[in-house]
Amino acid sequence: MPKEHLIQQVSLFSENKPGKLAAFAKAMEDEGIDILAFSIAEAEGFGVIRALVSQPEKACKKLSSMGFMVRTTDVLGVRMKDRPGGLREVADILGEAGINIDYSYAFSGRHGAVLVLRVDRPKDAAKIFMDKGLDLLREKDL
Amino acid sequence: MDYWSPRIETMPVQDLKDLQYKLLKTLTYKLYSFSDFYHARMKEAKVHPDDIRSLDDVVKLPFMKKSDLRDNYPDKLFVTAREDVVRFHASSGTTGKPTVVGYTQHDLDAWSTSLARALTSCGLGRGDTIQVSYGYGLFTGGLGLHYGAERIGAAVLPASVGNTERQIDLMVDMNVTAIACTPSYLLHMGEVAEKMGINFGKDTKLRRAILGAEPWTERMRTRIEENLGIKAYDIFGTSELSGPLFTECAEQKGIHVWGDLALTEILDPDTHETVAPGEKGELVVTMLQKEALPMIRYRVGDVTTLHEDVCSCGRTSPRIGRIQGRVDDMLIIRGINVFPSQIEHTLMSIPEVGQHFMIEVDRKGELDDLLVRVELKREYFSDKIDDLMKIKRKVAHALRSSLNVAVEVELANPDSLPRFEGKAKRVIDRRQM
């Protein structure tokens with residue numbers, strides 16, 4: 001299974017303090033890194049910012065140097081049909097294959113509607129999606 | 001005026017001092033002869049029992065500290081034979097290990113007698129029903145008050161801590177006349193009672209409260225007395241000295257420290273010189289009659305004042321004022337002693353977090369909240385909230401079981417918490433009393 005179908009998401013730890021998102025956004029701006037999508041997961045007293053960016057490794061380096069706790073995670077970007085039933089189709093495939101979703105978020109942009117997924121068996125999931133004829137984002141698409 | 005031990009409580013001051021001197025002299029001979037620890041300590045301090053020629057010579061004797069109990073864990077400082085010990089209690093130590101204290105039957109009797117005198121001086125006795133809402137168990141508060149209250153012939157409701165609504169129901173149904181608990185817990189009960197539609201003044205027979213095990217102020221006393229329509233009395237003690245031992249009398253002019261049981265000094269914490277009468281300083285107590293675990297010049301760590309004038313109640317024992325603070329960094333959270341060093345010790349055993357931490361204490365409503373901020377280590381950062389919550393809960397659980405008090409944990413970025421050179425200031429205490 002080619003690894004190129006897994007894309008690198010940048011995840012960073014964020015204390016629940018004002019200005020954390022702004023600091024992240026400014027760092028990306030300064031480095032000329034494009035943010036395609038992001039989500040914030042919040043818990044008691046802290047959060048995790050997850051983002052798809054144009055140059056994940058450069059982004060990580062920059063954020064680390066600023067003192068952020070940051071890592072990259074393999075996620076899948078599944079192109080959905082941008083019409084009713086698009087999400088159901090993707091969800092059904094995962095459900096039938098018994099693959100568990102850790103988290104997901106969606107965005108709509110120049111690639112159409114994309115569902116970003118972190119799942120417990122990413123390589124299996126990528127293969128199944130492609131067998132079913134769905135298109136996955138690749139690193140070069142970022 | 002009722003006294004429990006009239007002869008001792010109203011003994012002329014000079015006679016009381018003579019009695020204290022005799023007891024001190026006997027104690028030093030006994031320990032010099034029978035305790036390896038005290039023998040070595042006295043040798044080290046170049047003092048022999050023969051050098052104790054007056055009560056003032058107590059200053060020649062070496063100090064004892066909490067760390068001496070820790071270093072001699074669990075019972076190496078006990079002087080009596082193990083089979084003469086009839087009770088143990090334990091309290092939190094400055095590191096992970098608790099400190100253990102032991103009692104002979106005579107020690108328990110003296111403890112109960114001390115509280116019997118104290119409770120009598122607050123106007124309690126037969127016919128009273130006393131709700132003991134201090135923790136029962138290894139903590140000395142519950143059982144100490146329990147036996148003291150039984151000694152004076154009062155009925156005891158051993159409610160311990162928690163389940164506040166049931167405590168209030170029982171207080172109403174059993175016609176409780178007095179309660180012993182921490183001042184913040186009583187205020188909390190007052191709030192809960194109000195929500196239950198119960199008015200302390202009208203719906204209960206509660207008239208007196210014996211409050212302590214945590215610092216409180218005259219302002220809190222006024223609030224408690226006015227809000228609840230009762231009289232509130234300050235109590236003092238610590239497990240190393242037996243447990244809760246001494247209270248104010250009905251005059252509320254300081255805590256009577258019975259002279260036949262304890263010798264009190266107030267010292268400058270730096271020079272160890274006795275401060276001028278009425279000046280504040282570090283409280284140092286010698287227990288004159290303790291058998292199993294004697295305490296000579298124990299540095300309790302509390303800051304207070306000493307008053308030796310005879311009280312208007314007729315009692316001649318010296319009194320100590322309110323505890324005004326600590327000489328060390330010990331915190332009292334919901335009546336439980338917490339040392340920052342215990343937190344450090346616990347964090348060292350958890351690989352996911354670093355050893356730097358900050359403590360923030362707040363009082364939400366009437367109860368204390370303890371927040372510990374710790375740094376998550378980079379290699380344990382996960383983008384899954386679940387993984388991070390697991391770490392947070394693990395730290396909270398470990399701290400809870402070592403401190404015996406509920407802890408809120410906050411994860412922080414590595415290298416984000418303050419570093420200290422020299423004395424660390426890890427505690428932010430926002431409680432206003």
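In this predicted model, Arg126(B) touches Gly153(B) and Ala154(B), leaving aside residues up to four places away in sequence. A good place to start looking for Arg126(B) is the loop that runs between helix 5 (105-121) and strand 3 (129-132) of chain B. The surroundings of Arg126(B) hold 8 other C-beta atoms within 10 Å, and because a residue with 12 or fewer counts as exposed, Arg126(B) is exposed. Another residue to find from here is Glu150(B): Arg126(B) and Glu150(B) are separated by 24 residues in sequence, and their C-alpha atoms lie 9.1 Å apart in space.

Stepping back to the whole chain, chain B is built with twelve helices and 21 strands. Its C-alpha atoms fill a box of roughly 75 × 60 × 45 Å along the principal axes. The radius of gyration of chain B is 23 Å, which agrees with the value near 22 Å that a compact globule of 433 residues would have. Of the 433 residues in chain B, 45% are buried. Among contacts in chain B with a separation of 6 or more, 67% come from residues 24 or more positions apart.

Chain B also meets a partner: 14 residues of chain B are in contact with 15 residues of chain A. On the side of chain B that touches chain A, the elements giving two or more residues are helix 12 (385-403) and strand 20 (408-412) of chain B. The residues on this side of chain B comprise eight nonpolar, one polar and five charged.

How values were computed
Residues are numbered from 1 along each chain as its sequence is written. Chains are lettered from A and ligands numbered from 1 in the order in which they are written. This is a predicted model: local features need pLDDT of at least 70, side-chain atom pairs count only at pLDDT 80 or more; totals for chains, interfaces and linings use all residues. Helices (H or I, at least four residues) and strands (E, at least two) are DSSP runs, numbered from the N terminus. A residue is buried if 20 or more other C-beta atoms lie within 10 Å of its own, exposed if 12 or fewer, and partly exposed in between; C-beta atoms are placed from the backbone. Two residues are in contact if their C-beta atoms, placed from the backbone, lie within 7 Å. Ala, Val, Leu, Ile, Met, Phe, Trp, Tyr, Cys and Pro count as nonpolar, Asp, Glu, Lys and Arg as charged, and the others, Gly among them, as polar. The radius of gyration is taken over C-alpha atoms; the globule rule is 2.2 Å times the number of residues to the power 0.38.
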